[in-house]
Amino acid sequence: MPSSKDPNSQKFTKLKKVETDPDPDLYDITYVDVSPSDGASSSPLSKSPWSVQVDPNLIEQLPHSSASKSTASHAKEPKNYSPNILMGSLVREEGHIYSLATSGDLLYTGSDSKNIRVWKNHIEFSTFKSNSGLVKAIVLASNKIFTGHQDGKIRVWKVSSRDSSVFRRVGTMPLLRDYIRNSIASSSYFGFTRRNRTSTSAQGFRHVDAVSCLALSEDKRLLYSGSWDRTFKVWRVSDLRCLESVNAHDDAVNAVVAGFDGLVFSGSADGSVKVWRREDQAKETRHFFSETLLKQDCAVTAIAVDQIGMLVYCGSSDGTVNFWERDNNMKNGGVLKGHKLAVLCLFAAGNLLFSGSADLGIRVWRRPERGGGGGGGKHVCVSVLTGHAGPVKCLAVERDQESVSGERRWIVYSGSLDRSVKMWRVSENSPPLEVMSDSSSGHTKLTVAPSFSAQGRISHKK
């Protein structure tokens, strides 16, 4: 059912002004909360429901290095970087945030209230609502918006040609014609890739459990949907037809991502990460099992692909992130450790990897530059973004168009089960966080990082 702006929308909770400034010599994460002045009342940000705002003039005054507490390795780090900051936070008392997507100046948020809200320049722009099923995934493809739901359906939306703030549902996948065609010729309607022969044709073109994830192919022609029914399905974006159903795992599929070289990666609660090879045949597209990258006792919860570095990352319920390198024949390149609880979402952008966790934090990892025999070097953690009061369930990242010369920055949106979305600005040139040795265990650990409390104050975690 189409819907535009909600006249009964709730007001956003305002955070109190920060009363304690973090010591810039201790932290590379700076939280700023500046109330807009009267002279800025005409600014879009001053009218925004985002409750924390950044004063650009104040940012310019902040130190751009943390020399007094830096390690010797910091001297080799580039100096042209901006502090990583929390730019804004919005809260709607209507549901936990399960999905995010960005496109240009629009941000889409999905929750268990069944609403998909659209934000333009940080102001609520539109709302559209499904009849049933919480919104677990959002993918944008050309002029279509795909949303995956708890009820096992994928809904398709388009913007009205008359009013850009009105979104109309144009279909629900599978379409009615799929049921009709399948009833007429179920054996030849589409192909199966099966690990066993227990599936029926009725289960083939529709998910019988929650849709957990959505992803587009490299060429944007295909849509992949993963489900708790242990399958992932392949849909053609142009006509919304289901082309193939793959019985991929022995438990719920939590992640499906299209990678490089025509490969598709799937991760499951059965603890495995599998690789599938896409082959475009004369009149059809098929996916064939290639190899298993990982098999472990704990669930695989998220997958991300770095198209530039040719890396595949997978997050697990034990808080670790494994990665594999194409330049090293898809061999395991190592394990990133730091989260105390399950990794729930991953996003790769530039030379950074963002990992959101049930421990309420977002870790920012920087990969080594490509080349030099399988990548070389090590991933380093450059920031720990803290501030959510609930598990971080989803991430969306876009390039910061206001980046200064010689610096690449990213705008990061994080959705949480605390019902909030936060907006961060992160620099690729940030120095790695200082580590110190724990003599009792022989391990290293990060120094203390600031936590942004629900009241908007800085609390120092020891």
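## Sheets, a pocket and a buried histidine

Author: In this predicted model, the strands β3-β4-β5-β6 form, in that order, an open sheet of 4 strands with antiparallel pairing.

Reader: What makes β3 and β6 the edge strands here?

Author: Each of β3 and β6 (123-129) pairs on one side only. From one strand to the next in this sheet, the twist averages 20°.

Reader: How do you know that β5 and β6 are paired?

Author: Two strands count as paired if DSSP finds at least two bridges between them. Strand β5 (residues 115-120) is joined to β6 by 6 bridges, the two running antiparallel, so the pairing criterion of at least two bridges is met. Within β6, Ser126 is the bridge partner of Val118.

Reader: What is the strand order of the open sheet that contains β22, and why does one side of β20 and of β23 lack a neighbour?

Author: The order is β20-β21-β22-β23, with 4 strands in an open sheet and antiparallel pairing. Because β20 and β23 (331-336) stand at the edges with a single partner strand each, one side of each has no neighbour in the sheet. Neighbouring strands of this sheet are turned against each other by 20° on average, with direction ignored.

Reader: How do you know that β22 is paired with β23?

Author: There are 5 bridges between strand β22 (residues 321-325) and β23, which run antiparallel, and since pairing asks for at least two bridges, the criterion is satisfied. Opposite Asn322 stands Val335 in β23.

Reader: Why is His207 called buried?

Author: The relative accessible area of His207 is 5%, and because the term buried applies under 20%, His207 is classed as buried. His207 is placed in the loop between α3 (201-204) and β12.

Reader: What makes the approach of the His207 side chain to the side chains of Ser225 and Thr231 count as polar contacts?

Author: A polar contact requires a pair of N or O atoms within 3.5 Å, one able to donate a hydrogen and the other to accept it. The pair with the side chain of Ser225 is at 2.8 Å, and the pair with the side chain of Thr231 is at 3.5 Å, so both are counted under the cut-off of within 3.5 Å.

Reader: Which residues lie nearest the centre of the largest pocket, and how do its lining residues divide?

Author: Of the 44 lining residues, Leu214, Ala215, Val257, Leu346 and Phe347 lie nearest the centre, and the lining divides into 31 nonpolar, 8 polar and 5 charged residues. The largest pocket holds about 1,600 Å³ of space. Among the strands that each supply at least two lining residues are β3 (97-103), β12 (211-216) and β20 (300-306).

How values were computed. Residues are numbered from 1 along each chain as its sequence is written. This is a predicted model: local features need pLDDT of at least 70, side-chain atom pairs count only at pLDDT 80 or more; totals for chains, interfaces and linings use all residues. Side-chain values use heavy atoms; hydrogens and water are left out. On a 1 Å grid over the protein atoms alone, a cavity is a set of points where a 1.4 Å probe fits but cannot get out, and a pocket is an open set with protein on both sides within 12 Å along at least five of seven lines; lining residues have an atom within 4 Å of a point. Grid points are joined across faces, edges and corners, and a volume is the space filled by probe spheres set on the points. Ala, Val, Leu, Ile, Met, Phe, Trp, Tyr, Cys and Pro count as nonpolar, Asp, Glu, Lys and Arg as charged, and the others, Gly among them, as polar. Axes are lines fitted to C-alpha atoms, for helices over the stretch in contact, and angles run from 0 to 180 degrees between N-to-C directions. Buried means under 20% relative accessible area, exposed over 50%, partly exposed in between (1.4 Å probe, protein chains only).
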